[in-house]
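Biologist: Please take a close look at one charged residue and what surrounds it. Then follow the links outward into the rest of the chain.

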Amino acid sequence: MLPWFRAARTPRTRSVFAALLLAVTLLVAPTATATAAAPTAAAATSRGWNDYSCKPSAAHPRPVVLVHGTFGNSIDNWLGLAPYLVNRGYCVFSLDYGQLPGVPFFHGLGPVDKSAEQLSVFVDRVLASTGAPKADIVGHSQGGMMPNYYLKFLGGAPKVNALVGIAPSNHGTTLLGLTKLLPYFPGVEKFINDKTPALADQVVGSPFMTKLTAGGDTVPGVRYTVIATKYDQVVTPYRTQYLDGPNVRNVLLQDLCPLDLSEHVAIGTIDRIAFHEVANALDPSRTTPTTCASVIG
């Protein structure tokens with residue numbers, strides 16, 4: 001029995017605790033579904049991305065770096081968006097980050113500041129390979145938030161033209177308010193901090209979030225786009241995903257297509273309406289209207 005279940009003595013407490021665990025599960029839910037075999041660079045290259053021979057074109061002069069979410073990985077998170085961008089002429093790359101020892105397939109679990117260091121190394125590799133002076137970054141969930149640390153504290157701003165966050169945890173999450181229950185369950189908060197630091201970092205008001213948001217959301221010289229869905233059940237309230245500052249565009253998916261029912265996972269993995277808006281954010285000089293019809297574009 002896991003130690004924190006000893007705290008759940010009564011039926012009512014057990015039901016509340018079950019809800020808490022469900023919320024935590026949603027945060028680490030399949031931002032990308034794990035496959036039976038470990039993801040490999042060859043798998044991505046065979047689908048057209050992580051091809052280090054790719055050279056950016058005049059039409060799309062910057063490589064795109066895709067950053068998966070909590071419990072995601074460099075392949076599964078991007079089976080929809082990566083080919084979508086490759087087919088439009090982009091050089092596309094994705095990385096694994098935040099690995100924990102003994103935990104295969106599922107990444108994005110380590111301390112977010114350390115994950116940002118991994119992103120920094122990866123961006124340098126992509127720029128060296130492609131010869132481009134800057135990259136664009138597109139991230140889902142934690143992957144839309146973590147690059148902010150890279151930009152603000154690790155010297156990333158001169159190397160990045162645009163950051164596009166899809167359902168990003170930019171200001172943390174309340175997990176529908178259930179994180180407020182953590183103090184009532186001895187051992188749970190310590191377990192999250194000890195075993196899955198990225199979860200603890202993404203809770204509203206965490207030391208990491210306090211540092212990340214101090215002094216403003218953005219840095220000069222980078223264009224920011226946030227794409228959110230009002231049906232997000234993980235990064236809540238969804239408006240906390242929005243950024244404030246110059247060169248920021250905050251987009252609510254349902255303002256573009258009221259019929260779009262995507263929640264936290266779908267918006268980053270399969271929603272072609274969101275994908276169309278990503279393409280607009282990457283190339284604002286060639287934007288076309290994003291509507292419900294974009295699902296077939």
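Modeller: Start with E277, which is buried at a relative accessible area of 3%. Buried means under 20% relative accessible area, exposed means over 50%, and partly exposed is in between, using a 1.4 Å probe and protein chains only. This is a predicted model, so local features need pLDDT of at least 70, side-chain atom pairs count only at pLDDT 80 or more, and totals for chains, interfaces and linings use all residues. Residues are numbered from 1 along each chain as its sequence is written, and side-chain values use heavy atoms, with hydrogens and water left out.

What does E277 pair with? Its partner is R249, in a salt bridge whose closest N and O atoms are 2.1 Å apart. R249 sits in strand β6 (residues 248–252) and E277 in helix α11, so the pair ties together parts that are 28 residues apart in sequence. A salt bridge is a side-chain nitrogen of Lys or Arg within 4 Å of a carboxyl oxygen of Asp or Glu. Helices (H or I, at least four residues) and strands (E, at least two) are DSSP runs, numbered from the N terminus. The two partners are not equally covered: R249 is partly exposed, at 41% relative accessibility, whereas E277 is buried.

Now the helix around E277. Helix α11 covers residues 272–282, and 10 of its 11 residues are buried. Among them are I273, F275, H276, V278 and L282. D271 caps the N-terminal end of α11. One of its side-chain oxygens lies 2.8 Å from the backbone nitrogen of I273. That is a polar contact: a pair of N or O atoms within 3.5 Å, where within protein one must be able to donate a hydrogen and the other to accept it, and residues adjacent in sequence count only if both atoms are side-chain atoms.

Next, the other salt bridges. A search of the whole structure finds five of them. One joins D283 to R286, with the closest N and O atoms 3.0 Å apart. D283 is buried, at 9% relative accessibility. Another joins the side chains of R62 and D136, at 3.0 Å from N to O. R62 is in the loop between α2 (41–46) and β1 (64–67), and D136 is in strand β3 (residues 135–140), so this pair ties together parts 74 residues apart in sequence. D136 is buried too, with a relative accessible area of 1%.

D201 makes a contrast. It belongs to helix α7 (residues 197–201). D201 is buried yet has no salt bridge. The nearest side chain of opposite charge is K114, 11 Å away. Here Lys and Arg count as positive and Asp and Glu as negative, while His and the chain ends are not counted. Leaving out residues up to four places away in sequence, D201 touches P111, V112, S206, F208 and M209. Contact means heavy atoms within 4.5 Å.

Strand β3 leads to the nonpolar interior. A nonpolar core is a set of buried Ala, Val, Leu, Ile, Met, Phe, Trp, Tyr and Cys residues joined through side-chain atoms within 4.5 Å. The largest one has 33 residues. V65, V67, L119, I137, Y150, L151 and V222 have the most contacts inside it. Several elements each supply at least two residues, including β1, β3, α5 and β5 (223–228). The largest share, seven residues, comes from α4. Apart from this core lies another, of 26 residues, and it brings us back to α11: V278 and A281 are among its members, as are A82 and A167.

A167 deserves its own look. It lies in the loop between β4 and α6 (188–195). A167 is buried, at 0% relative accessibility. Its phi is near 50 degrees, a positive value in a residue other than glycine.

Last, the stretch leading to β6, where R249 sits. N247 lies in the loop between β5 and β6. It is not a glycine, but its phi is positive, about 60 degrees. P237 is in the loop between β5 and β6 as well. The peptide bond from T236 to P237 is cis, with omega near -15 degrees.
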